Amino acid sequence: MFQSIALFFFPLAMAFAASSDLLTMRISNKLVLLLVAGFVAMALVVELPLQQFAMHVLCAFVVLVVAFGLFAMRWIGGGDAKLAAATTLWLGFGLTLPYLVHAALLGGVLTLFILILRRLPLDTLLAGRPWLGWLNRLHDPKQGVPYGIALAAAGMLTYSNTAIFERLTA
């Protein structure tokens, strides 16, 4: 039972991040801190070597610095920057490039889909409904793109190659 919970912690957190970004255009600091704490706990459970743990932390720090530079230039959101760093904490240097490539490709498809959606008229039955605020936000050209969806999907695509996943399934 514990192994199943441990194995699915990261994918569930990623799914929550994606849905949160879709529905609210926000990625909670609490979720990011939960991902960080989850990594530390899983690293202890699977007895990740200290040197490898330190490299994962360094990788996440590098991604955080670069991502906050992109945030400062208003190219990405702050939640996206934090989510990318927390995700790469789980992945380490060896999987960060594949993760970023997946995120870029998925994010490109997501952006194109939203741009196409925004060119289509929103049905009057859907427009202005408070419980569909997320749909109205997605349709609004003044709003950004919930890129956390692409970041989370890329994280899930890459997760099965992580040291934690491999040790949990060994």
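Is Y159 buried or exposed? The points below address this residue and others in what is a predicted model.

1. Y159 is buried, as its relative accessible area is 4%. A residue counts as buried when this value is under 20%.

2. A search of the whole structure finds 8 aromatic pairs. One stacked pair is formed by F39 and F53: the ring centres lie 5.5 Å apart and the planes meet at 15°, so the pair is classed as stacked. The relevant cut-off for stacking is planes under 30 degrees apart.

3. The pair of F39 and F53 links distant parts of the chain, since F39 belongs to helix α2 (residues 29-45) and F53 to helix α3, with their positions 14 residues apart in the numbering. F39 is buried, with a relative accessible area of 0%, whereas F53 is partly exposed at 24%.

4. Y159 and F165 form an edge-to-face pair, because their ring centres are 5.2 Å apart and their planes stand at 75°. Planes over 60 degrees apart fall into this class.

5. These residues belong to a wider arrangement: ring pairs join F9, F10, F39, F53, W90, Y159 and F165 into a cluster. Both F39 and Y159, described above as buried, are members of this cluster.

6. A separate point concerns G77, which is located in the loop between α3 (50-72) and α4 (78-91). Its relative accessibility is 29%, so G77 counts as partly exposed. From C-alpha to C-alpha, G77 and M55 are 25 Å apart in space, and in sequence they are 22 residues apart.

Note on methods
Residues are numbered from 1 along each chain as its sequence is written. This is a predicted model: local features need pLDDT of at least 70, side-chain atom pairs count only at pLDDT 80 or more; totals for chains, interfaces and linings use all residues. Side-chain values use heavy atoms; hydrogens and water are left out. Helices (H or I, at least four residues) and strands (E, at least two) are DSSP runs, numbered from the N terminus. Buried means under 20% relative accessible area, exposed over 50%, partly exposed in between (1.4 Å probe, protein chains only). Rings of Phe, Tyr and Trp (its six-membered ring) pair if their centres lie within 6.5 Å; planes under 30 degrees apart count as stacked, over 60 as edge-to-face and the rest as tilted.
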